[in-house]
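Hi,

Here is the structure I promised to pass on. Have a look at it first, and then read my notes below.

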Amino acid sequence: MPVEEFVAGWVSGALGLVLGHPFDTVKLLGFFKGMSFPIASIALVNSVLFGVYSNSLLALTATSHQERWAQPPSYTHVFIAGCTGGFLQAYFLAPFDLIKVRLQNQTEPRAQLGGPPPRYRGPMHCAASIFQKEGPRGLFQGAWALTLRDTPTMGIYFVTYEVLCRQCTPEGQNPSSATVLVAGGFAGITSWVAATPLDVIKSRMQMDGLKRRAYQGVLDCMVSSVRQEGLGVFFRGITINSARAFPVNAVTFLSYEYLLRWWG
Ligand SMILES: C[N+](C)(C)CCCC[C@H](N)C(=O)O
């Protein structure tokens with residue numbers, strides 16, 4: 001199994017993430033909180049995404065990444081491979097994303113002298129206390145909503161990238177850096193716009209039981225959120241998600257493509 005894709009995904013994901021983190025946190029007030037942890041985790045998660053995506057395409061079309069611009073795979077194959085990558089990475093992402101959301105939502109001012117200590121002192125403490133209270137399953141709270149969010153939208157992500165690259169590149173040639181940046185940026189925006197409704201639900205499931213009442217499941221969370229806040233609830237954070245998505249995914253795809261070209 002070719003491994004370059006895993007390594008390229010690893011590095012490119014980390015680079016994209018550093019750029020996007022302030023955007024990611026601004027919607028929750030607490031700027032650089034929890035930065036070191038996602039950098040380490042994105043490496044793993046992005047390598048699973050790109051590695052599985054590329055190896056699924058290899059299985060479906062029998063073309064390796066070196067041959068892919070000369071013999072482009074069909075969009076159906078790109079979509080299926082993207083969904084497969086999205087589905088599998090969701091399980092790696094779930095515990096890390098849970099911890100990120102829990103820490104970012106911890107916006108109470110730092111414990112003052114004599115005041116109560118914060119619930120979580122950092123990512124490791126957060127992971128350990130969830131594990132102690134609820135066991136390993138606790139670390140996967142919200143994982144189902146995350147899987148529903150990422151499986152189709154990662155298909156959309158790679159299809160958008162491919163469509164835009166092919167549109168701007170003469171047949172059989174490698175896309176230029178500018179094309180990769182723009183196509184990667186728009187792939188990020190399109191998939192985040194599609195993912196935002198389930199992103200809202202996913203975060204609520206991850207915070208469930210901590211601040212508010214327990215939901216029965218994903219559907220119950222959707223229905224009661226809409227009842228209480230109207231349909232607009234599904235578009236919460238869509239602007240900040242899109243603003244973040246462009247630079248993050250432009251850099252992710254550019255570094256991914258360059259690393260792969262560099263390795264031949
Ligand atoms: C599928 N979904 C839209 C959720 C994410 C697509 C882009 C993933 C990228 N690592 C980022 O953080 O932007």
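Below is what turned up, starting with the ligand and ending with the membrane annotation.

Keep in mind that this is a predicted model.

So, which residues surround the ligand? They are R149, D150, T153, M154, Y157, S191, W192, A195, R244, V248 and N249. Sorted by chemical type, this shell has five nonpolar, three polar and three charged residues.

Three side chains are worth zooming in on, each with an N or O atom facing an oxygen atom of the ligand. For W192 the distance is 2.9 Å. For R244 it is 3.0 Å, and for N249 it is 3.1 Å. The ligand would expose 370 Å² if you took it alone, and the protein buries 92% of that area.

Which elements give two or more residues to the shell? Those are α5 (143-167), α6 (177-207) and α8 (238-263). Of the elements, α5 gives the most, with five residues. Try colouring these helices separately when you open the file.

Now for the other end of the story. The UniProt record, an unreviewed entry, carries the annotation "transmembrane region" for residues 6-23, 35-54 and 74-94. I looked at one of these stretches in the model: over residues 74-94, the chain is 95% helix and 0% strand. The C-alpha atoms at the two ends of that stretch are 30 Å apart.

Cheers

Note on methods:
Residues numbered from 1 in each chain as written. Predicted model: local features only at pLDDT ≥ 70, side-chain atom pairs only at ≥ 80, totals over all residues. Heavy atoms only, no water. UniProt positions renumbered as here; feature names shortened; annotations may be inferred. Helix = DSSP H or I, 4+ residues; strand = E, 2+ residues; numbered from the N terminus. Near = heavy atom within 4 Å. Polar contact = N/O pair within 3.5 Å; in protein donor to acceptor, adjacent residues only side chain to side chain. Areas by Shrake-Rupley, 256 points an atom, 1.4 Å probe, with all protein chains shown as cover. Nonpolar A, V, L, I, M, F, W, Y, C, P; charged D, E, K, R; others polar.
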